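Good morning, colleagues. I would like to take a few minutes to present one structure, and I ask that you keep the display in view while I speak.

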Amino acid sequence: LLRINFYLSWWAYSFPMAAKTLASFLMLSLTHDPIINFIAWFELAFLSIIIVVLVVKTIAAISRNQICVED
């Protein structure tokens, strides 16, 4: 994804990942299983990386006037 053109629709990757991360933390609060603990924190770290990449790509696209351009 780092080499292809950025589109605002990339943000759609973050929403299901965030829901899955929240579900993992809910499951962790119910089970306190060490494996679920690892999975939940790994997913949170991965989600954080996705969000940072999306924010950087969005800001870069805004600075190049590639977003919300009239056709």
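I shall discuss the aromatic pairs, a surface patch, a salt bridge and the nonpolar core, in that order. Please bear in mind throughout that this is a predicted model.

Let me begin with the aromatic side chains. Searching the whole structure yields three aromatic pairs, and I shall describe two of them. One joins F25 to W41 in an edge-to-face arrangement, with 5.0 Å from centre to centre and 90° between the planes. Since F25 belongs to helix α1, residues 14–31, and W41 to helix α2, residues 34–63, this pair ties together parts that are 16 residues apart in sequence. As for solvent exposure, F25 is partly exposed at 23% relative accessibility, and W41 is likewise partly exposed, its relative accessible area being 49%.

Another pair, F38 with F42, is stacked: the centres are 6.1 Å apart and the planes differ by 20°. Here both partners sit in helix α2, four residues apart, which is about one turn of the helix. F38 and F42 are both exposed. These two residues also contribute to a nonpolar surface patch of about 540 Å², made together with I35, I39 and F46.

I turn now to charge. In general, side chains of opposite charge can pair when their charged atoms come close. How many salt bridges does a search of the whole structure find? The search returns one. The partners are E43 and K20, whose closest N and O atoms are 2.2 Å apart. This pair, too, links distant parts of the chain, with E43 in helix α2 and K20 in helix α1, 23 residues apart. Are the two partners buried or exposed? E43 is buried, at a relative accessible area of 4%, whereas K20 is partly exposed, at 45% relative accessibility.

Finally, the interior. As a general point, nonpolar side chains in soluble globular proteins tend to be buried together. In this model, the largest nonpolar core consists of eight residues, namely F6, W10, M17, L47, I50, L54, A61 and I67. Helix α2 supplies the largest share of this core, with four residues. Which residues does L54 contact, once its neighbours within four places in sequence are left aside? They are F6, W10, W11 and S14. Of these contacts, F6 and W10 are themselves listed in the core.

To close, I would draw your attention once more to the two links between helices α1 and α2: the aromatic pair of F25 and W41, and the salt bridge of E43 and K20.

Conventions: Residues are numbered from 1 along each chain as its sequence is written. This is a predicted model: local features need pLDDT of at least 70, side-chain atom pairs count only at pLDDT 80 or more; totals for chains, interfaces and linings use all residues. Side-chain values use heavy atoms; hydrogens and water are left out. Rings of Phe, Tyr and Trp (its six-membered ring) pair if their centres lie within 6.5 Å; planes under 30 degrees apart count as stacked, over 60 as edge-to-face and the rest as tilted. Buried means under 20% relative accessible area, exposed over 50%, partly exposed in between (1.4 Å probe, protein chains only). Patches are made of residues with over 30% relative accessible area and no salt bridge: like charges are joined within 9 Å, nonpolar side chains (Val, Leu, Ile, Met, Phe, Trp, Tyr) within 5 Å. Accessible areas come from the Shrake-Rupley method with a 1.4 Å probe; for residues, only the protein chains shown count as cover. A salt bridge is a side-chain nitrogen of Lys or Arg within 4 Å of a carboxyl oxygen of Asp or Glu. A nonpolar core is a set of buried Ala, Val, Leu, Ile, Met, Phe, Trp, Tyr and Cys residues joined through side-chain atoms within 4.5 Å. Contact means heavy atoms within 4.5 Å.
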